[in-house]
Amino acid sequence: MRLRPLVLVALFAVALTPASPVLAQAPEQRHASGIVLLPPLDVSTFGPVHEPLAVAWSDAWHLAETHPDDFGYPSEDRANKTLRISVVTPAGEALARKWMRDGELPAMGVKPAPAPRVPQVRVEIRPVDRSFAQLERLKDGVTRPSFAGFSGDPRIWSSAPDPAYNRVVFETDRVSDEFLHAVAKMYGTEAITVRVDPRAGLAGDAPWPTVDPFSIWPTAAVAGLTLVAAAFVIIRRGAD
């Protein structure tokens with residue numbers, strides 16, 4: 001089976017996500033602002049990738065990207081080989097069920113629609129309140145150096161979806177009370193979580209957004225493998 005480039009990316013992306021939510025294993029800790037604080041990422045929780053699940057996840061992500069107001073972040077239950085599609089609107093649920101039944105995906109911009117492909121894993125639909133579009137705007141907004149009256153250094157070294165909870169996770173090397181209170185005031189406390197890892201970024205008071213390359217190896221790995229996958233696809237197409 002020849003995989004689309006996005007599926008190859010999905011295989012790597014799913015491989016670099018924990019096999020189970022960290023907060024399901026330990027009591028949830030909240031900052032005084034109300035924002036959830038996560039411990040450093042435990043790489044031992046990374047599990048093997050089930051290819052049909054990665055394929056279905058990439059298709060669900062495509063649905064969310066093309067209809068960002070109707071879907072939230074798709075998530076996967078690796079232990080049970082189950083995909084969970086987050087729907088915000090009745091239109092989103094209808095699109096999800098059509099894809100589950102017929103494998104049809106919408107076109108993205110000027111690109112033609114992908115070939116129909118029915119998911120080969122169990123798919124569950126879960127209703128959510130936050131849309132893909134809202135979460136992506138939030139992800140971009142929090143990484144701005146000034147908002148909600150906060151003018152200091154946010155020390156946000158990375159941001160990413162937190163699909164299991166349909167929210168966004170930011171990584172910092174230390175807790176800034178002023179910054180987290182400003183985030184909570186601007187965006188609330190349920191759509192955002194913060195991972196605190198002293199190893200993130202550079203030690204000391206380096207100006208934002210300088211990044212220590214050794215602290216972002218998962219992102220660098222995905223980027224490198226994505227380039228390799230893209231080159232492989234181009235070579236294969238040329239050979240055909």
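These legends walk through five close-up views of a predicted model.

**View 1. A three-stranded open sheet.** Here you're looking at strands lined up in the order S3-S4-S5, with mixed pairing. The edges belong to strand S3 (75-77) and strand S5 (122-127), and each of these pairs on one side only. Ignoring direction, neighbouring strands in this sheet are turned by 30° against each other on average. Zoom in on S3 and strand S4 (residues 82-87) and you'll find them pairing in the antiparallel sense, over 3 bridges. One pair to pick out is glutamate 76 with its bridge partner in S4, leucine 83.

**View 2. A helix lying across two strands.** Staying with S3 and S4, this view adds helix H2 (residues 51-66), which lies across both of them. H2 runs at about 10° to S4.

**View 3. A five-stranded open sheet and its helix.** This sheet has the strand order S1-S2-S8-S7-S6, and again the pairing is mixed. Strand S1 (29-30) and S6 are the edge strands, each pairing on one side only. S1 and S2 run antiparallel and are joined by 2 bridges. Look for arginine 30 here: its bridge partner in S2 is valine 36. Helix H4 packs on the sheet, where it touches S6, strand S7 (167-172) and S8. The direction of H4 makes about 20° with that of S7.

**View 4. The buried residues of helix H5.** Which residues of helix H5 (residues 177-187) are buried? They're Phe179, Leu180, Ala182, Val183 and Ala184. As for their neighbours, these buried residues pack against two strands of the sheet's middle and edge labels you've met, S2 (36-38) and S6 (156-162), as well as helix H4 (132-142) and strand S8 (192-196). Just after H5 comes glycine 188, with a positive phi near 85°.

**View 5. Two loop residues with positive phi.** Most residues other than glycine have a negative phi, so a positive value is worth a close look. Lysine 81 isn't a glycine, yet its phi is positive, about 50°. You'll find lysine 81 in the loop between S3 and S4. Asparagine 166, another residue other than glycine, has a positive phi near 50°, and sits in the loop between S6 and S7. Buried or partly exposed: which is lysine 81? Lysine 81 counts as partly exposed because its relative accessibility is 43%. Asparagine 166 has a relative accessibility of 2%, so it counts as buried.

Terms used:
Residues are numbered from 1 along each chain as its sequence is written. This is a predicted model: local features need pLDDT of at least 70, side-chain atom pairs count only at pLDDT 80 or more; totals for chains, interfaces and linings use all residues. Side-chain values use heavy atoms; hydrogens and water are left out. Two strands pair if DSSP finds at least two bridges between them. Helices (H or I, at least four residues) and strands (E, at least two) are DSSP runs, numbered from the N terminus. Axes are lines fitted to C-alpha atoms, for helices over the stretch in contact, and angles run from 0 to 180 degrees between N-to-C directions. Contact means heavy atoms within 4.5 Å. Buried means under 20% relative accessible area, exposed over 50%, partly exposed in between (1.4 Å probe, protein chains only).
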